[in-house]
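The following dialogue examines how structural terms are justified. Each answer sets a value against a definition.

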Amino acid sequence: MPHHTVYEAKIEHLQILDEDGKLDKKLAKDTLSDDQVVYLYEQMRVCRELDEIAFKLQRSGRMGTYPQNKGQEANAVGSALAMVKGNDWVVPSYRENAALFMHGMPMHYVIQYWMGDERGSKFPEGVNITPLSVPIGTHMLHATGIAWAFKQRKEADRAVITYFGDGATSEGDFHNAMNFASVMQVPCVFYCQNNSWAISLPREQQMNSATVAQKALAYDMPTIQVDGNDIFAVYKATQDARKRAIEGGGPSFIEGVTYRLADHTTADDARRYRDEEELHAWLDKDPLIRTRKYMESVGVWDDKKQEDLENRAKTIVKEVVDAAISVPAPESSEFFDDMYAELPEDLKVQRDTMRTSSIGRNPSQIGLNAQAAEIQ
Amino acid sequence: MAQQTLVGAITSTLDQALERDPEVILLGEDIGTNGGVFRATEGLMAKHGEDRVVSTPLDESGIMGTAIGLAIAGMKAIPEIQFEGFLGPAYDQLVNHGGRMRTRTRGAVTVPMTVRVPVGGGIHAPELHSDSPEAIYTHSPGIKVVMPCTPYDAKGLLNSAIKDPDPVMFFEPKRVYRTFKEEVPEEYYEIPIGEAKTVLDGDDLTVVTWGAPVFQCLEAIDNLPEDVSVELIDLRSIYPFDMDTIAESVQRTGRCVIVHEAPLTCGLGAEIAARIMEECFLHLEAPVQRVTGFDTIMPYYKLENEYLPEAPRIVKGIKECLAY
Ligand SMILES: Cc1ncc(C[n+]2csc(CCOP(=O)(O)OP(=O)(O)O)c2C)c(N)n1
Ligand SMILES: [Mg+2]
């Protein structure tokens, strides 16, 4: 056979809950119970509230640049539920707040962080989350490494999930993480939130491939594209991937097709580059709308419950913002203390004097006269 | 002549370069339709076309590496890295290829590219958006490094960088992008790479700095007693830097304070201080004083002003050096 096919592949797309809130019962089997659906809906709604308040805080000058999650919440909650809190690790990007909350990150940390305070990344004991990743597409290697450790130590019931955007898949580190994970066969779930945009670059210009999911084929990884605004599909794909991971089946890839309903961040103005019509079409696919429709159709939700939830969300978020604001301001030298487990002497001097100058740092130095001492 | 901001001067200089030379090509993240996150390339894609002002995939190694290839093929590549914190993925391409190509091939293969990068703190940006890594690239042989801080200098140095036959890091102090306007001539002009500018003449002490801290130094000097006469040198070019101007000044004043945002240890101030020791030792009245960032991670914005060498800290440094 001098000329024959050596490899063939296809990419499947999974949707279980459609835009109108209609569920495919067969596919939904063994996925989410109605109680779980209500729980996830509540998580999404609270997260949406937080997002809106964070936006207002930024606009009123009380918070720095903030990236809204709006429209993508189903990816976060559906996948987070399929992972095991306090057992598995979450290696996030920055657009999956709800997943972090579900895995134990106190909500006010996220506000504190975006208010310019690194202590918002000092997660409590037992919260297995790495800090938000600022250099795009570089953190997935850490997920591969953590998963490798699980394999090495034969902690067979543990897995890792890492989140990243469509843009992130262009970075070399993305491919490095995928290749290592595949070669080492580690228990890792790669979750790409394909929200169609990377700041101003549409997905079609980010890559020439028809899907993001097919990138995993090169690493021989089980891969699937799901409707990322459908909590059922997201949950099922992640549940399958995690099961495979802990059973020794290696890493998996999930592309959640979703949409960024807000600007890239509060520093961005998407009207400069994005068609309003495209945005409007996606507003109807909002995961909150379809999940609510579904819950109403099966009789577990009504206007009264919605009103209660909205009030509750407001109260929760108000408390969260109050908690973030009431954190005492950091000491001016606070950024020294965690540079190393043990601060080098030189750095202690810099911290204790807040000086970097060669003369002023050492006033006893011969030649520095009384006038200078006074300047201290 | 037109009144322009620093970022405005960069935009119009790029515009003229695209106009003048069909081999000029701009590439970077979000530089097309969006005009770059700082709007430095605003309107350029619409005017010069998508194939000359190219919004690339999100891949700094790709941007730097292909810019090197474009340059090798004889084009004038002007890559933009969105923030200095994202030079990381591009480092290998820039330092291990860009800076070495000419000498490895003894001049047969060269890399005439200008890498534009917003740099420095003071704008309340997210983590990794406020660093000052100029010393890293100064320490990397084969690469030139400049950092203008006025609209006029930006145009002249950008023209020189684009014309230069070797890779030039063109650092743009983002804190100064829109703080003021000044007259920038319409016509083409160059400011040679390697020439410092004496901003203020003085006799008692020399302050050497570059980038945004030039303005903190001006503020500090304003706050000194009237009878203190300080000479202020804006280095503008970091590699090669203008040791002649520094030496002439320090030999006269006998005292020198170097100010930079980057960390103290192995910052450029260390190199300049060593050169002053070599060339001005017998003229010195005091040890060279450095007022810089700390040897820490540049803190997120709540504490960034504690880190940056702001005017009060510079005043202190100058007074101590004078009192020595
Ligand atoms: C290495 C690196 N390059 C550039 C940036 C600037 N930047 C921040 S977010 C972003 C786009 C990210 O797009 P995507 O991965 O699709 O994630 P999304 O923001 O859409 O969630 C860019 C270019 C960065 N933070 N890090
Ligand atoms: Mg995206």
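The questions below concern the ligand site and then chain A.

This is a predicted model, in which local features need pLDDT of at least 70, side-chain atom pairs count only at pLDDT 80 or more, and totals for chains, interfaces and linings use all residues. Side-chain values use heavy atoms, with hydrogens and water left out.

Q: Why is the site of ligand 1 called shared between chains?
A: Residues from chains A and B surround ligand 1, so the site is shared. A residue counts as near if one of its heavy atoms lies within 4 Å of the molecule. There are 20 such residues, and the closest include A:Tyr94, A:Trp197 and B:Glu60.

Q: What makes the pair formed by ligand 1 and the side chain of A:Arg95 a polar contact?
A: A polar contact is a pair of N or O atoms within 3.5 Å; within protein, one must be able to donate a hydrogen and the other to accept it, and residues adjacent in sequence count only if both atoms are side-chain atoms. An oxygen atom of ligand 1 is 2.7 Å from an N or O atom in the A:Arg95 side chain, so the pair meets the distance limit. A polar side-chain atom of A:Asp166 lies 2.8 Å from a ligand 1 oxygen.

Q: What share of the residues in chain A is called buried?
A: Buried means under 20% relative accessible area, exposed over 50% and partly exposed in between (1.4 Å probe, protein chains only). Buried residues make up 55% of the 376 residues in chain A.

Q: In chain A, what percentage of contacts between residues at least 6 apart in sequence join residues at least 24 apart?
A: With contact meaning heavy atoms within 4.5 Å, the value is 74%.

Key:
Residues are numbered from 1 along each chain as its sequence is written. Chains are lettered from A and ligands numbered from 1 in the order in which they are written.
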